[in-house]
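Biologist: I would like a close look at one part of this model, the side-chain pairings and links. Please take the charged pairs first and then go on to the cysteines and the nonpolar regions.

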Amino acid sequence: MFLCLILIVFILCVNPFSFLSLVEPLSQFLQEKCLQQVQTGKTEFTDLYSALLCGKRLPEGEIKKTFLSLGIIHLMVISGAHLIFLEKIWKLLPSFRLKNTLLGCFLLIYSMSAGLNPPVLRALFSLLLARINKEFKLFWSPYVRVQISGLLCLLCQSSWFHSLSLQLSWVASMGMSNHQLSRLHSCVLTFILILPIVSQWGGLHPLSIALNWLMTPLTSCLLLPLSLLTLPFPFLRFLTDKLWEQFIQITNLLRPLVENKGIELSWSLSSFQIWIYIAMTFTVLQLYFVYSKRRKYQALN
């Protein structure tokens, strides 16, 4: 995985526009195959499988409205969080030869079958940078890694400068990347950081903090891997359909608690203003990270 991703960065440095042109045809082919496999034995939850496994947009409907109201629509969009959880699950397997190499191949194939969208590519770069940081003892902060991974995406595809999905992924990653914070504190920070961006499309209820804290592990550690297993083992669809049915029932019960009660801000940020916001957020978080590190070091000495 490490050498493969190093090669990707080398290609980007030599010719930034060659990378996507090389992988896009393969990505489209894998995504089509994924959708064909998901739609075999179609059920009422096929749209959820298509979104979670193949990167297809969740169609308009009650399920999407419910997820939007609860602030958990990102769980149905393949992103860095899904790759990280899949990596953690993979690491639970017993050690064997080529384990890391197979992990890299698996994540790369999964990402390409999802259309290699901006958040997924940014997540792949982030995993690479974490490995580089560890191998060469660069001592990059998590916020620096987020910035570099986002900049590599822009180097890879300049048109993504106007990609809201990349911007949201960028901001959310800054909220979730500091592992010194508890997961609940990270959810609170992420809620605060994305609020100025997402509130222009409707209110975001503070209850979504608790919902993300509870439902993200459930989706990523249970529903996602089991749904993935339905691709090679379609007979498991009976089990996963039952789990999705229970999950949807829970979200329907919670929806009245948050509907039309969210926090709405009066302004609307343009794409350029969001980039300024990202730069300012990075500066503040990075300065606080350095400050807290220094305080900890001084306390130990």
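How many salt bridges does a search of the whole structure find?

Modeller: The model is a predicted one. A search through the whole structure gives five salt bridges. As background, side chains of opposite charge can pair when their charged atoms come close.

Glu-60 and Lys-64 make one of these bridges, with the closest N and O atoms 3.1 Å apart. The two partners differ in exposure class: Glu-60 is exposed, at 64% relative accessibility, whereas Lys-64 is buried, at 17%.

Glu-87 and Lys-91 form another salt bridge, at 3.8 Å from N to O. That separation still counts because the cut-off for a salt bridge is a nitrogen within 4 Å of a carboxyl oxygen. Both residues belong to helix H5, residues 80–91, and sit four residues apart there, so about one helical turn separates them. Here Glu-87 is the buried partner, with 16% relative accessibility, and Lys-91 is exposed, with a relative accessible area of 54%.

In helix H7, residues 118–135, Arg-131 and Glu-135 are likewise placed four residues apart, about one helical turn. Their side chains form a salt bridge in which the closest N and O atoms are 3.1 Å apart. Arg-131 is partly exposed, at a relative accessible area of 30%, and Glu-135 is also partly exposed, at 42%.

Beyond these pairs there is a network: salt bridges link Glu-62, Lys-65 and Arg-255.

Next, the cysteines. A disulfide is a covalent bond between the sulfur atoms of two cysteines. The count for this model comes to one disulfide. Cys-34 and Cys-54 form that disulfide, with their sulfur atoms 2.0 Å apart. The pair links distant parts of the chain, 20 residues apart, with Cys-34 in helix H2 (residues 18–38) and Cys-54 in helix H3 (residues 46–54). The link between Cys-34 and Cys-54 is left-handed, with -80° about the S-S bond. Both Cys-34 and Cys-54 are buried.

Cys-153 is buried too, at 0% relative accessibility. Its closest cysteine sulfur is in Cys-156, and the separation is 6.8 Å, so the two are too far apart for a bond. The cut-off behind that conclusion is 2.5 Å between cysteine sulfur atoms. Cys-105, by contrast, is partly exposed, with a relative accessible area of 41%.

The nonpolar regions come next. In soluble globular proteins, nonpolar side chains tend to be buried together. In this model the largest nonpolar core has 74 residues, and Leu-53 and Trp-244 have the most contacts inside it. Leaving aside residues up to four places away in sequence, Leu-53 touches Cys-34, one of the disulfide partners. The contacts of Leu-53 also include Val-38, Ile-78, Tyr-110 and Ser-113. Further along the chain, Leu-53 touches Leu-224, Ser-227, Leu-228, Thr-230 and Leu-231.

There is also a nonpolar patch on the surface, of about 430 Å², made by Leu-184, Val-188, Ile-192, Trp-213 and Leu-214. Helix H10 (183–198) and helix H11 (207–229) are the elements that give two or more residues to this patch. H10 gives the most, with three residues. Trp-213 lies in helix H11. Trp-213 is partly exposed, with a relative accessible area of 34%. That value fits membership of the patch, because patch residues need over 30% relative accessible area.

Two backbone details in loops complete the account. Leu-98, in the loop between H5 and helix H6 (99–113), has a phi near 65°, a positive value in a residue other than glycine. Leu-98 is exposed, with a relative accessible area of 52%. Phe-139 is found in the loop between H7 and helix H8 (142–156). Phi of Phe-139 is near 60°, again positive in a residue other than glycine. Phe-139 is exposed as well, at 74% relative accessibility.

Definitions and conventions. Residues are numbered from 1 along each chain as its sequence is written. This is a predicted model: local features need pLDDT of at least 70, side-chain atom pairs count only at pLDDT 80 or more; totals for chains, interfaces and linings use all residues. Side-chain values use heavy atoms; hydrogens and water are left out. Buried means under 20% relative accessible area, exposed over 50%, partly exposed in between (1.4 Å probe, protein chains only). A nonpolar core is a set of buried Ala, Val, Leu, Ile, Met, Phe, Trp, Tyr and Cys residues joined through side-chain atoms within 4.5 Å. Contact means heavy atoms within 4.5 Å. Patches are made of residues with over 30% relative accessible area and no salt bridge: like charges are joined within 9 Å, nonpolar side chains (Val, Leu, Ile, Met, Phe, Trp, Tyr) within 5 Å. Accessible areas come from the Shrake-Rupley method with a 1.4 Å probe; for residues, only the protein chains shown count as cover.
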